[in-house]
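Biologist: I should be grateful for a close look at a single part of this model, followed outward into its surroundings. Please treat the matter as one connected account.

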Amino acid sequence: MDMVLSIIGILALGFFVNVVLKQTYNFIFYLGGKPFLWVLVAAAVGGLLWFVSAAFNWSVSIPALAAAIAFFMNLPPRSTPQSKTQANEIYAEMGLKHGALLYRVGLGGFVVSSVVGWVVFYGQSCSSAGECSGFF
């Protein structure tokens, strides 16, 4: 039963992080026209995921798999030259020259902050005597 609850928890957390990333993209990046703010928010979401997971003392696999689910669900689909042109026209109407690149930078920020969060909140420093202590 614990395994079923863990799988449900991972899927629910991954879905929640996915929704947060997509909604912040919609409201901040797209409607607000502030892509650099969205990059910072996406990075903050990655770090907060690990902070909350460490605060609740969850297993490291729960936020790791949830972050992977959210990342892969937010990857843009493979594009054709026609869809690239269409997306660039939409971003140009918004006044953004490199909208697709900024979106990918935001996802990269999410990944980098997730890795940093993993190291900070779940990493351990071990001495040669075999004594380990957490970073946080």
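**The largest pocket and the helices around it**

Modeller: Helix α4 contributes the most to the lining of the largest pocket, with 5 residues. The model under discussion is predicted. The pocket itself has a volume of about 370 Å³. Its lining consists of 13 residues, and those closest to its centre are P76, A87, Y91, A100 and R104. Two elements, α4 (81–94) and α5 (99–122), each give two or more residues to this lining. Sorted by class, the lining holds 8 nonpolar, 3 polar and 2 charged residues.

To place these helices, one may turn to the chain as a whole. The protein chain has 5 helices and 2 strands, arranged along the sequence in the pattern α-α-α-α-α-β-β. Its C-alpha atoms fill a box of roughly 60 × 35 × 25 Å along the principal axes.

Both of the helices named for the pocket lining also pack against α1. The first such pairing is α1 with α4: their axes come within 11 Å and cross at roughly 65 degrees. Here Y25, F29 and Y30 of α1 meet I90, Y91 and M94 of α4. By class, this contact has 6 nonpolar residues, with no polar and no charged ones. Y91 thus appears twice in this account, among the residues closest to the pocket centre and in the contact of α4 with α1.

The second pairing is α1 with α5, whose axes lie 13 Å apart at an angle of about 145 degrees. This crossing is right-handed. On the α1 side the contact is made by V17, L21, Y25 and F29, and on the α5 side by G99, L102, Y103 and F110. These residues divide into 7 nonpolar, 1 polar and no charged. Y25 and F29 of α1 therefore serve in the contact with α5 and also in the contact with α4, where contact means heavy atoms within 4.5 Å.

A further partner of α1 completes the picture. Helix α1 (residues 2–31) packs against helix α3 (residues 61–74) at an angle of about 45 degrees, the axes being 8 Å apart. With that angle, α1 is oblique to α3. Their crossing is right-handed. From α1, the residues I10, L11, L13, G14, V17, N18, L21 and K22 take part; from α3, they meet S61, I62, P63, L65, A66, I69, A70, M73 and N74. The class count for this contact is 12 nonpolar, 4 polar and 1 charged residues. V17 and L21 of α1 belong to this contact with α3 and likewise to the contact with α5.

Technical notes. Residues numbered from 1 in each chain as written. Predicted model: local features only at pLDDT ≥ 70, side-chain atom pairs only at ≥ 80, totals over all residues. Heavy atoms only, no water. 1 Å grid on protein atoms, 1.4 Å probe; cavity = no way out; pocket = protein on both sides within 12 Å on 5 of 7 lines; lining within 4 Å. Points joined across faces, edges and corners; volume = space filled by probe spheres on them. Helix = DSSP H or I, 4+ residues; strand = E, 2+ residues; numbered from the N terminus. Nonpolar A, V, L, I, M, F, W, Y, C, P; charged D, E, K, R; others polar. Axes fitted to C-alpha atoms, helices over the stretch in contact; angles between N-to-C directions. Parallel < 35°, antiparallel > 145°, perpendicular 65-115°, else oblique. Left-handed = near helix turned anticlockwise from the far one by under 90°.
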